[in-house]
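Student: I'd like a close look at a single part of this protein: its interior. Could you walk me through it slowly, with the cut-offs as we go?

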Amino acid sequence: MSEERIIEGVRLSSPDKVLYPEQGITKEELAEYYVSIADWILPHIARRPVTMVRCPTGRQKKCFYQRHAASGVLPQLREVTVPGFDEPYLYIDDVAGLVAMVQMGTLEIHPWGVTVEVPDRPDRIIFDLDPDEGLGFPDVVSAALEVRERLERIGLRSFVKTTGGKGLHVVVPIEPVTEWRASKAFAKSFSETMAADAPERYLTRISKAERAGRIFIDYLRNDPTSTAVGPYSTRSRPGAPVAMPVEWEGVTPELDPCDFTVKTVPAIAAARPDPWREMFAVKQSLPG
């Protein structure tokens with residue numbers, strides 16, 4: 001077994017350690033995955049406070065969340081002070097930061113909806129569509145398309161990604177001028193309107209007992225520290241899945257989130273335009 005590798009200037013110890021036992025994916029292979037998709041992921045991850053899901057001994061072992069500096073945090077991870085919070089939060093600048101997170105056993109990257117330049121004003125709103133266990137993915141597709149249509153009616157453009165699980169995230173880029181409280185209030189009102197119009201299909205309460213046959217529209221992702229998994233991030237789940245941006249035209253009943261994994265995403269990303277390539281060119285604000 002190799003003792004270490006140097007990737008993007010980061011010393012990778014135990015590169016042959018298996019992090020995804022079902023696929024045999026090693027730490028080195030995970031680092032190479034992030035290097036290969038750096039151009040796609042960094043615009044959405046870099047210079048944002050992040051929460052890491054660290055699984056140092058692999059997916060099936062004990063995992064934990066980390067968002068603050070502590071012993072063992074590498075210098076490629078920076079710190080930013082966020083107004084209203086006492087302890088600084090972690091962020092990265094570049095591909096070396098991605099590799100450093102892999103060295104720390106990070107299997108999921110959850111960025112905040114703010115940048116370190118404007119850390120108290122969100123620049124995106126997320127609607128997390130989380131279905132009851134009994135529903136199929138086509139039901140989630142239908143819900144996402146309805147969210148998109150409703151947003152378009154009020155003049156807002158949105159983007160979509162798989163989550164590496166059974167749901168979809170609809171993401172609305174906005175100018176960073178609105179306080180968290182106002183952006184969350186908008187997300188809450190929008191979600192509650194959908195649930196009121198079709199209570200047999202949607203709900204906005206987190207209760208599992210009430211969710212039977214319905215989709216939970218989780219607007220609570222729009223609190224400062226309530227992050228969502230980033231685009232192109234891996235998940236600490238069986239199959240080594242990846243949260244994958246997709247074109248709206250591809251959001252059909254045939255869409256299968258299981259198609260997007262550490263093994264498949266680099267080739268898929270390289271073979272097509274980035275579905276989120278226009279996100280930063282969208283200049284829009286929440287309706288008054």
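**Inside the fold**

Tutor: Let's begin with Thr-261, which, once neighbours within four places in sequence are set aside, is in contact (heavy atoms within 4.5 Å) with Gly-239, Ala-240, Pro-241, Val-242 and Pro-266. Before going on, please note that this is a predicted model, in which local features need pLDDT of at least 70 and side-chain atom pairs count only at pLDDT 80 or more, while totals for chains, interfaces and linings use all residues. Residues are numbered from 1 along each chain as its sequence is written, and side-chain values use heavy atoms, with hydrogens and water left out.

Where along the chain is Thr-261? Thr-261 belongs to the loop between β15 (245–246) and α6 (265–270); helices (H or I, at least four residues) and strands (E, at least two) are DSSP runs, numbered from the N terminus. With a relative accessibility of 13%, Thr-261 counts as buried, the cut-offs being under 20% relative accessible area for buried, over 50% for exposed, and partly exposed in between (1.4 Å probe, protein chains only).

Another loop residue to look at is Val-82, placed between β7 (77–80) and β8 (89–92). Val-82 has a relative accessible area of 2%, so it is buried. Its contacts, leaving out residues up to four places away in sequence, are Pro-49, Tyr-89, Trp-112 and Pro-119. Gly-113 is 31 residues from Val-82 along the chain, and their C-alpha atoms are separated by 12 Å.

Trp-112 turns up again around Thr-51, a residue of strand β5 (residues 50–54). Thr-51 has a relative accessible area of 1% and is therefore buried. Not counting residues up to four places away in sequence, Thr-51 touches Tyr-65, Gln-66, Arg-67, Glu-108, Ile-109, His-110, Trp-112 and Thr-227. Ser-191, by contrast, is 25 Å from Thr-51, C-alpha to C-alpha, and 140 residues away in sequence.

Ser-191 brings us to helix α5, where it is one of the buried residues, along with Trp-180, Ser-183, Phe-186, Ala-187, Phe-190, Met-194 and Ala-195. These buried residues cover an arc of only 160° around the axis (taken from the directions from the helix axis to the C-beta atoms), which puts them on the same side of α5. Which residues are exposed on the other side of α5? There you will find Arg-181, Ala-196 and Asp-197.

The length of α5 can be checked too. Helix α5 runs over residues 180–197, and its 18 residues should span 26 Å at 1.5 Å a residue (1.5 Å times one less than the number of residues); the end C-alpha atoms are 26 Å apart, so the two agree.

What do the buried residues of α5 pack against? Their partners are β10 (124–131), α4 (137–153), β13 (202–203) and β14 (215–218).

Take α4 next. Its buried residues are Phe-137, Val-140, Val-141, Ala-143, Ala-144, Glu-146, Val-147, Arg-150 and Leu-151, so you can look for the charged side chains of Glu-146 and Arg-150 in that list as well. The cover over the buried residues of α4 includes β10, β12 (168–173), α5, β13 and β14. For α4 the 17 residues should span 24 Å at 1.5 Å a residue, and the end C-alpha atoms are 25 Å apart, which agrees. Just after α4, Gly-155 has a positive phi of about 80°.

To put the pieces together on your screen, start from α5: its buried residues pack against α4, among others, and α5 is in turn part of what covers the buried residues of α4. β10, β13 and β14 pack with the buried residues of α5 and also help to cover those of α4. Then turn to Thr-51 in β5 and Val-82 in its loop: Trp-112 is among the contacts of Thr-51 and also among those of Val-82. Finish at Thr-261, in the loop that leads from β15 to α6, with Pro-266 among its contacts.
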